[in-house]
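Here is a briefing on the fold, the core and the surface of a protein chain. Please look over the sequence and the model before reading on.

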Amino acid sequence: MTRRCELTGTLPLSGQLRSHAENKTKRKFRPNLHIVTLLSDVLGRKVRLRVSARALKSVEHRGGLDAFLLKADNDELSLTCLKLKREIQKAQAAKAETSKAA
């Protein structure tokens, strides 16, 4: 399993450690990943995702998991998040149709 954020697609970056003597040593900058359980308001269920701390702040800023997924690009999302996004869109469409019919 790669160290990749499921919401933003953040991957490890490579760089260099620089000593006082300016010696260069290769190193990795890994994303700060956590396994979190997020609640989907539209679907009414919990979802476990491997998310970076920065993505978690973005989810809170956008107003929840549903709003984040609907606004996110499909290229950045993992396969599980893409399935979840499609389910949310279907549920919202069904809800809109029932409200129009009533």
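The notes below go from the overall layout to the core and then to the surface.

This is a predicted model, in which local features need pLDDT of at least 70 and side-chain atom pairs count only at pLDDT 80 or more, while totals for chains, interfaces and linings use all residues. Residues are numbered from 1 along each chain as its sequence is written, and side-chain values use heavy atoms, with hydrogens and water left out.

**Layout**
- The protein chain holds three helices and four strands, taken as DSSP runs (helices H or I of at least four residues, strands E of at least two) numbered from the N terminus, and their order along the sequence is β-β-β-β-α-α-α.
- The C-alpha atoms fill a box of roughly 75 × 20 × 20 Å along the principal axes.

**Core**
- The largest nonpolar core, a set of buried Ala, Val, Leu, Ile, Met, Phe, Trp, Tyr and Cys residues joined through side-chain atoms within 4.5 Å, has 19 residues, of which Leu7, Leu49, Val51, Leu65, Leu69 and Leu77 touch the most other members.
- Two or more residues of this core come from each of strand S3 (33–40), strand S4 (45–52), helix H1 (53–62), helix H2 (65–71) and helix H3 (79–101), with the largest share, four residues, coming from H3.
- Leaving aside residues up to four places away in sequence, Leu69 touches Leu7, Leu77, Cys81, Leu84, Lys85 and Ile88, where contact means heavy atoms within 4.5 Å.

**Burial and surface**
- Of the 102 residues of the protein chain, 28% count as buried, meaning under 20% relative accessible area with a 1.4 Å probe and protein chains only.
- The protein chain exposes about 7700 Å², of which carbon and sulfur atoms supply 51%, with areas from the Shrake-Rupley method and a 1.4 Å probe.

Conventions
Buried < 20%, exposed > 50% of the residue type's maximum accessible area, 1.4 Å probe, protein only.
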